Amino acid sequence: WILFESRFLLQQPMRFLFLFLTLFLSSPIHAFISVQLGRPFLYTNTLSLLSGKSYPSATEQQMYRGMQNPYAVLNVGVPPKPFLLILDTGSSTTELPRYDCQSCNSTRTYNPTASTGALEVDCKVANSLGAWCTACEYGSGSSSCMLSRHYNEGLEVEGVFSADTVSVGAVNASAVFAAITTIKPSGRFSSVGLDGVWGLGTKVLNNEWPTVLDFVWSTAGMQRAFGIGLGDVDQCNGQLTVGGVDDRLYSGKLHAMPLLNNTNHYGLQIDSITWGSNRTITNKELTDHVTIIDSGTTDILVPSDTMSSITFAATLTFVDDSPDEWQTIMWNNNYVHNMTWSPPTSWPNVTLNTRSGYKIILKPTDYIVKAFLTDGTKAWMNAFRSSGLSELVLGAAAMQTTYWVFDLDHNNLLVAPMKPQPRQTDCPHKNWA
């Protein structure tokens, strides 16, 4: 998700301040951790980066795909309670439904009184650490740090910032997250079997609070890097690698390019889009703006002029090739409700050309995607969607063919073609209530 408005909050100032200083000002106990997570064997790998430094594959987290977006299990509290969260590179706050959130409609909720690791988050501590709150709610001698946030997709959340133990692989770290008390529209996550969001972005989007990954990296003494391979839709063969990379997930060599910034979102430079083999689209909407990388969005959001050029190129291509179906999904931004229909493989590939020379190649089965509609029904849709934004946004549909490594210590983005992974349909989350 693209975050347009962000704000925050905290309680028990001295206790939390001691926790924060312990995690961020002390020397790490060990340099790296390699653990088994969501895989049947342990794996450690070292990759040399352009900087001359290297870092191993540290902690691996199994990922799942629903209709499109990737999600993973994050265990929170003591004893640990699992939450199924969308992995979102377009935001930074990790959001869970609180026990008193009626609009969340979730069967899995966070209750701090049920965890011995829970800490309250106070506004005074937020101010002392350079973080900030949307508002401060005073009572019983403390001030709760409140959250109010609006996302581009129309999602609105309110809640209170909390701290508790999170488990990522074998790493247990005390981390700050938002316990949601209100969400609009109601049941936004529970309607598709999910609980909330795991924000993977930088702390700037987290109102300067360290993110969950910041706490994990600091606790384990890891490099500030993570790799993400989405895997197949409706499978459990994707992976989030925290603190390193995993060369089982990609083919060839990793291609390095600058990790850019667009309104504090992760970005890269895409200068042109090639439709088929010979129709290349380029304009100032692409060359003058940094493209945002947003795994929390399904679509490929395209500025209006660029979308008009794509539409024109497609019109020339599909004069005689199933025009009715094509017009339904491409030109009118509507949906094909017939789930037995599938995108013709004869349709052309779409290539996103980066300034550094790497090409992201999307097949028809990548850019014509399955989706949940607002009424809960399933349908096919065209992932290329015209938006009111000035920049291109790569959602999950554009990310699924690539393995992505975000190296924050060196401001590098490393990419390579995603290697096909063994298909695993018996995902444990499918049996959750």
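Six strands, taken here as DSSP runs of E at least two residues long and numbered from the N terminus, make up an open sheet in this predicted model. Reading across, the order is β17-β18-β21-β29-β22-β28, and the pairing is mixed. Pairing means that DSSP finds at least two bridges between two strands. At the edges sit β17 (260-262) and β28 (384-387), each with a single partner strand, so one side of each has no neighbour in the sheet. Strand β22 (residues 300-303) is joined to β28 by four bridges, and the two run parallel. Within that pair, Leu 301 is found opposite Arg 385 of β28.

A word on the ground rules. Residue numbers start from 1 along each chain as its sequence is written, and side-chain values use heavy atoms, with hydrogens and water left out. As the model is a predicted one, local features need pLDDT of at least 70 and side-chain atom pairs count only at pLDDT 80 or more, while totals for chains, interfaces and linings use all residues.

Back at the edge strand β17, the loop between β17 and β18 (265-268) holds Thr 263. Its phi is near 45°, a positive value in a residue other than glycine. Thr 263 has 53% relative accessibility and therefore counts as exposed; the cut-offs, with a 1.4 Å probe and protein chains only, are under 20% relative accessible area for buried, over 50% for exposed, and in between for partly exposed. Asn 105 also has a positive phi, near 55°, without being a glycine. Asn 105 belongs to the loop between β7 (95-97) and β8 (119-120), and its 47% relative accessibility is why it counts as partly exposed.

Most residues other than glycine have a negative phi, and most peptide bonds are trans. Two peptide bonds that lead into prolines are cis here. The one from Val 78 to Pro 79 has omega near 0°, and Pro 79 is in the loop between β5 (70-76) and β6 (81-88). The other joins Lys 184 and Pro 185, with omega about -5°; Pro 185 is part of the loop between β12 (171-184) and β13 (196-199).

Among the helices (DSSP runs of H or I, at least four residues), α3 covers residues 212-220. Seven of its nine residues are buried, so the helix is largely enclosed by the rest of the structure. The buried set consists of Val 212, Leu 213, Asp 214, Phe 215, Val 216, Trp 217 and Ala 220. After α3 comes Gly 221, with a positive phi near 65°.
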